[in-house]
Amino acid sequence: MVASLAGVSTATVSLVANGKTQGRVSEDNISRVREAIAELGYVVDGIGSSLAKGVSSIVILVAPDISNPFFAKVIAGVRESLGSDYQLLLSVTDAGEFPRADDVRRLLALRPAGLLVDAPSAAFLEELSVAGPLVLLDAPGLESYAPSVNLDVAHGARELAAHLADSGHKRAAYMDSVTGTATFEVRRAAFLDEAHARGISVADAHIISTTIDVGAAAAAFAAAWPDWQRAGVTAVVCGTDTHAYGVLQEARVAGVRIPEELAVAGFDDLPYSATSNPSLTSVHLPATPLGLKAGKQLRGLMEGRELEQPQLTLESSLVVRGSTA
């Protein structure tokens, strides 16, 4: 219908609709085809096209708990690296839950060009079993499954434990995420090991978990603080800055002086951490570079190139601010 209205061949319409006109279609024909497309409301059938080619231009990013602001920066990095040649589709779940392999496999019916999985678990990857281009993000210990871009969260966790020990803390608490993915396990284990080595006690009763949500973290802290205070806890480390914001919020309500009575720290170094009151000590994790590198790795695989470094690791670092100083 477009070809008939514009007075050109269907091949010419295809070239115009897919942006492949350079040196192949005259400006006059391009103009006529675009006018016909606008008049008829024509949209390229992406599914039909992917069936014909065997693959689409869709890239699927599987991410747990998109409510965590850290993921917004990761997504921005992925989007930048993919450019306009690919469309990014997010597969996410409710807070605290990780996408199920069955749900992701249904999306594979779209014939995606590639798949990115952020902060996966080994069980999820085992069940998913994808044959096409796949890159993992923030997946420590899972490098054998696919090319990956990881964050050295353990280094930052150890730096944080050393900082608290040097500041004189002897008893600490830990607020974790309920997501249960490898990255949270690594940051918790690294902090606890280094804290123990430096003389900081973290009792099992002082390790709690909640969703990555300010309100949930505030409520969890409110319930735990009386016991922590009686036990002599003077520092709390949170698995994310979002958890730490909840602690800071509830501490103000309860009249707990920070850092005089309680030091608070997190992971991620979100933008608000530098301007919160007090400013938040946090392990800086390079979210945008994580997305950029992972997108670049996947693009190489999708375009048939061999990766020079299938496994990449980005450094973390401790940023000390007013919540522990």
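1. Which residues of H3 are buried? Ile-30, Val-33, Ala-36 and Ile-37 are (buried means under 20% relative accessible area, exposed over 50%, partly exposed in between, with a 1.4 Å probe and protein chains only). Helices (H or I, at least four residues) and strands (E, at least two) are DSSP runs, numbered from the N terminus.

2. This is a predicted model, in which local features need pLDDT of at least 70 and side-chain atom pairs count only at pLDDT 80 or more, while totals for chains, interfaces and linings use all residues. Residues are numbered from 1 along each chain as its sequence is written, and side-chain values use heavy atoms, with hydrogens and water left out.

3. Back to helix H3 (residues 27-40). Its buried residues fall within an arc of 130° seen down the axis, so they line one face of the helix; the arc is that of the directions from the helix axis to the C-beta atoms. An α-helix has 3.6 residues a turn, so residues three or four places apart point the same way. The face turned away from the buried side carries exposed Glu-27, Glu-35, Ala-38 and Glu-39. The cover over the buried residues of H3 includes helix H1 (2-6) and helix H2 (10-17). Just after H3, Gly-41 has a positive phi of about 70°.

4. The length of H3 can be checked. Its 14 residues should span 20 Å at 1.5 Å a residue, and the end C-alpha atoms are 20 Å apart, which agrees. The expected span is 1.5 Å times one less than the number of residues.

5. Helix H5 (residues 70-82) can be read in the same manner. Its buried residues include Phe-70, Phe-71, Val-74 and Val-78. The buried residues of H5 cover an arc of only 160° around the axis, which puts them on the same side of the helix. On the other side, Ala-72 and Glu-80 are exposed. Gly-83 follows H5 and has a positive phi, near 70°.

6. An open sheet of 6 strands has the order E2-E1-E3-E4-E5-E11, with parallel pairing (two strands pair if DSSP finds at least two bridges between them). Strand E2 (87-91) and strand E11 (311-314) stand at the edges with a single partner each, so one side of each has no neighbour in the sheet. The twist averages 15° from one strand to the next. Strand E5 (residues 148-151) pairs with E11 over 4 bridges, and Ser-148 has Gln-311 as its bridge partner in E11.

7. H5 lies across E1, E2, E3, E4 and E5, at about 155° to E2. Axes are lines fitted to C-alpha atoms, for helices over the stretch in contact (heavy atoms within 4.5 Å), and angles run from 0 to 180 degrees between N-to-C directions. Helix H12 (residues 287-302) touches E1, E3, E4, E5 and E11, and makes about 165° with E4.

8. The largest nonpolar core has 66 residues. A nonpolar core is a set of buried Ala, Val, Leu, Ile, Met, Phe, Trp, Tyr and Cys residues joined through side-chain atoms within 4.5 Å. Leu-116, Leu-160, Phe-191, Trp-228 and Val-264 have the most contacts inside this core. Helix H8 (residues 153-166) gives the most to the core, with 7 residues.

9. Strand E6 (residues 172-177) has 6 of its 6 residues buried. E6 runs parallel to strand E7 (residues 207-210), joined by 4 bridges, and pairs in the parallel sense with strand E8 (residues 235-238) over 4 bridges.
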